[in-house]
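User: I'd like a close look at one part of this protein, with enough of the rest to place it. Take your time and keep it chatty.

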Amino acid sequence: MKFDKDCEILWKDRKRRFGLPLSFYRYYIVKKGRQWVKFFRHKGFFHSVIDEINVYRCLDVTLFVSFYDKIFGTGTIEILSNDANAPVFHMRHIKNPYQVRASISNLIETERKKRNIEITEFQVSGKN
């Protein structure tokens, strides 16, 4: 995948099958100077679809590790965002999922602080 010349790829991986990168799904975390940090998902070979999310728009990060994933050292990261085009963003069966999740969480907090963005949570109780 091509990015601007002043972009830096912080992380990249592919969807894995049996622990091997045998897929046309590619995932990237890209930083462009001090302007932005984004997640990219590139899927396809003949017909490509590229999704992107600004890191500061992410609301929640969840890691799923199945028995199959434990055997092959992979996991799936689900990112919930307030992006209209990709409210749920999956990075399926990636290598080193625990380290990637920690990096993603740190990036999200850093970008929010840099932009002075606060996410407020409301808890609705069924009890009156």
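Which residue in β6 stands opposite C58?

Analyst: That would be S81: C58 and S81 of β6 stand opposite one another. Bear in mind that this is a predicted model, and let's build outward from that pair.

The strand that carries C58's partner, β6, covers residues 74–81. On one side β6 pairs with strand β5 (residues 58–64); the two run antiparallel and are joined by six bridges. On top of that, β6 also pairs with strand β7 (residues 88–95), again antiparallel and again through six bridges. A handy marker for this second pairing is I79, which stands opposite F89 in β7. The β6–β7 pair makes a hairpin, and six residues sit between the two strands. So if you want to trace this part by eye, S81 takes you across to C58, while I79 takes you across to F89.

How covered is β6? Mostly: seven of the eight residues in the strand are buried. As a general point, side chains in a regular strand alternate between the two faces of the sheet. For the protein as a whole, 38% of the 128 residues count as buried.

Now for where this sits in the chain. The protein has seven strands and two helices, and the order along the sequence is β-β-β-β-β-α-β-β-α. In that pattern a helix comes between the fifth strand and the sixth, whereas β6 and β7 make up a hairpin. As for contacts, take those with a separation of 6 or more: 39% of them join residues 24 or more positions apart. The C-alpha atoms fit a box of roughly 50 × 40 × 25 Å along the principal axes, and the protein exposes about 8,700 Å², with carbon and sulfur atoms supplying 51% of that.

Since you wanted some surroundings, the charged side chains are worth a stop. There are 24 positive and 14 negative charges, and their mean positions lie 5 Å apart. Searching the whole structure turns up seven salt bridges, and here are some of them.

One of the seven joins R16 and D13, with 2.9 Å from N to O. Both R16 and D13 are buried.

Another is made by E52 and K38, at 2.6 Å from N to O. This pair links distant parts of the chain: E52 belongs to strand β4 (residues 49–54) and K38 to strand β3 (residues 36–43), 14 residues apart. The two partners differ in cover. K38 counts as buried because its relative accessibility is 14%, under the 20% cut-off. E52 comes out at 37%, so this residue counts as partly exposed.

The last stop is helix α2 (residues 97–115), where E111 and R115 both lie, four residues apart or about one turn of the helix. Their side chains meet in a salt bridge at 3.5 Å, N to O. E111 has a relative accessible area of 3% and is therefore buried, whereas R115, at 30%, counts as partly exposed. K114 joins in as well: E111, K114 and R115 are linked in a network of salt bridges.

Back to where you started, then: C58 faces S81 on a strand that is mostly covered, with β5 and β7 as antiparallel partners.

Note on methods. Residues numbered from 1 in each chain as written. Predicted model: local features only at pLDDT ≥ 70, side-chain atom pairs only at ≥ 80, totals over all residues. Heavy atoms only, no water. Buried < 20%, exposed > 50% of the residue type's maximum accessible area, 1.4 Å probe, protein only. Contact = heavy atoms within 4.5 Å. Areas by Shrake-Rupley, 256 points an atom, 1.4 Å probe, with all protein chains shown as cover. Lys, Arg positive; Asp, Glu negative; His and termini not counted. Charge placed at Lys NZ, Arg CZ, Asp CG, Glu CD. Salt bridge = Lys/Arg side-chain N within 4 Å of Asp/Glu carboxyl O. Pairing = 2+ DSSP bridges.
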